[in-house]
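Dear colleague,

I am passing the structure below on to you, together with some notes on what turned up in it. Could you read the notes with the coordinates open?

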Amino acid sequence: MAKLITPRSEDYSRWYTDIVLQAGLADYSPVRGCMVIRPLGMALWENMRAELDRMFRETGHENAYFPLFIPESFMHKEKEHVKGFAPECAVVTHGGGQKLEEPLVVRPTSETIIYAMYAKWIQSYRDLPLLLNQWANVVRWEMRTRLFLRTMEFLWQEGHTAHATEAEAEEEAVRMMNVYDTFAREFMAMPCLKGVKSDAEKFAGALRTYCIEALMQDNKALQAGTSHNLGQNFAKAFEVKYQSESGGIEYVWNTSWGVSTRLIGALVMAHSDDQGLVLPPRLAPTQVIVVPIYKENEREQVVAAMNRIVAILSPHVRVKGDARDGMRPGFKFNEWEMKGVPLRLEVGPRDLAAGQVTVARRAVREGTAAKQSVSIDSLADVVPGLLEEIQKDLYDQALKRRDANTHTLDSYDEFKKVIEEKGGFLLAHWCGGVECEARVKEETKATIRCIPLQGDLAAVPGVCLVCGGPSPRRVYFARAY
RNA sequence: CGGGACGUAGCGCAGCCUGGUAGCGCACCUGCUUCGGGAGCAGGGGGCCGGAGGUUCAAAUCCUCUCGUCCCGACCA
């Protein structure tokens, strides 16, 4: 027994770290608070990025790139923004052996430098909407860090758009929240809540922040993506103006939205088990691993069969053969399970004699129910369907768990009890007051994760959990990462 | 920055209380036997015990200082 993963139930935090390190997603770096993303983690991010990029393009966006350094004065132009980000900014004061005239902030997010450029690019209503996205790294000087979930430097995408009207900007912000939700559901197999942040939780400088929130296996919530309606706050700060059709000068309306490598952490915490990483087939860098099983004199024949199978499947799925000699099959089984490969094909003399392979699904391990025999001739037809089935099962399982851990409550005492004993999403009435929100946070460590949108089932009036005042709708509370 | 713990081989740890010159598991290297769920045996390499100072004939062990890491809070994608 080489590598063991701490059981989830014993120490969730340790379990998570074990999986990230042992699956080979990432490693600690020599720089405190930073992280090295290893090839498996990067391949996963690249797959996420490819799908997101496609979705961004389908909604009319293009990629661009803006500088890492932001003049410090830019950060000060929007007062809420600087208040929110100044404490966590890394600042460059020297360059080329000399003290800089004006310090440069390493971007914690790029609104300021992007809208400074937009001011130059936008003159007329004909220049709108301007819909750009950039893939970049950002730096935030965090006190405490955790692999993928919160590191001082992380990779993300940030979309920044400018529109002629408030309605268009609002539509865009909601659209991108929905894009994120669709991505999480269809590719990560991760169900999310959608909604608006309370004022206390919204982005520094935004009018309104939309978000998707997912529930992890320890029943804590994770903010998986945000989309902000920035109103005209940045347009006014950076003089982003255009001449309208009627000839008047108007400020533009902006949105910004982003997801980060935190999604990899979300993926780990959403699906993995005590055997290691579990990856949804649509994002798995390797979807199928073929493991040959042989005695010394059978090697040549079995490895040839393995290569044949890889060749048959290659046009249809991301498949690899593991012909490493001197390792027993059981070791390879465990290793690929730890790395989260959704489907394993075992090929041995017994299978070959019958013209078939043994197929094992990653996420189900108990008993032999997880294994089945499939004829080699039908592999190309069967395997893609199996992968889709796994993808669907992962989602169903996550949704079932999320729903089972969402509680509708009306009593504050019960709320405190449930948050302490069970966790999960607590759907309760809130009057909208900052005092009530702060009191819940203070007393239970739970925050409002999101306020469901109009038309949601939760939009039924009631009385506030804390003060008993009128409440327009229930909101989702949870303890969060 | 407050509260707690820990620094001994690549990783995980024991040894410390009661000082005597460093050990275990995994990983790594070599050989043989193995190979349908983390192989067995034999042999081998690898450490200024986080750093500095002190006590002592003698310090991983006792004392002082220092540096670093992790966990719990405040902050956060």
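Helix 13 and helix 14 are oblique to each other, a term that follows because angles under 35 degrees count as roughly parallel, over 145 as roughly antiparallel, 65 to 115 as roughly perpendicular and the rest as oblique. The axes of helix 13 (residues 412–421) and helix 14 (residues 434–444) cross at roughly 45 degrees and come within 11 Å, where axes are lines fitted to C-alpha atoms, for helices over the stretch in contact, and angles run from 0 to 180 degrees between N-to-C directions. Their crossing is right-handed, that is, the near helix is turned clockwise from the far one by less than a right angle, whereas anticlockwise would be left-handed. Helix 13 contributes Tyr412, Phe415, Lys416 and Ile419 to the contact, and helix 14 contributes Arg439, Val440, Glu443 and Thr444, contact meaning heavy atoms within 4.5 Å. By class these residues divide into four nonpolar, one polar and three charged, with Ala, Val, Leu, Ile, Met, Phe, Trp, Tyr, Cys and Pro counted as nonpolar, Asp, Glu, Lys and Arg as charged, and the others, Gly among them, as polar. Helices (H or I, at least four residues) and strands (E, at least two) are DSSP runs, numbered from the N terminus.

Please bear in mind that this is a predicted model, in which local features need pLDDT of at least 70 and side-chain atom pairs count only at pLDDT 80 or more, while totals for chains, interfaces and linings use all residues. Residues are numbered from 1 along each chain as its sequence is written, chains are lettered from A and ligands numbered from 1 in the order in which they are written, and side-chain values use heavy atoms, with hydrogens and water left out.

Two further helix pairs are worth a look. Helix 9 (residues 299–313) and helix 12 (residues 379–404) pack at an angle of about 65 degrees with their axes 9 Å apart, which makes helix 9 roughly perpendicular to helix 12. Helix 9 passes helix 12 in a right-handed crossing, and Ile309, Ile312 and Leu313 of helix 9 meet Leu379, Ala380 and Val383 of helix 12; by class, this contact has six nonpolar, no polar and no charged residues. Helix 1 (residues 12–23) and helix 8 (residues 262–271) pack at about 115 degrees, with their axes 10 Å apart, and this crossing is also right-handed. Tyr12, Trp15, Tyr16, Ile19 and Val20 of helix 1 make the contact with Gly265, Val268 and Met269 of helix 8, giving seven nonpolar, one polar and no charged residues.

As for RNA strand B, 39 residues surround it, the closest being Arg144, Arg150, Glu337, Arg344 and Asp351, where a residue is near if one of its heavy atoms lies within 4 Å. By class, the surface near RNA strand B has 12 nonpolar, seven polar and 20 charged residues. A polar side-chain atom of Gln223 lies 2.8 Å from a sugar or linking oxygen of RNA strand B, and one of Glu346 lies 3.4 Å from a base nitrogen of the strand. Helix 10 gives the most to this surface, with seven residues.

Finally, two backbone details: the peptide bond from Leu128 to Pro129 is cis, with omega near -5 degrees, and Phe148 has phi near 65 degrees, a positive value in a residue other than glycine.

With best wishes

Note on methods:
Polar contact = N/O pair within 3.5 Å; in protein donor to acceptor, adjacent residues only side chain to side chain.
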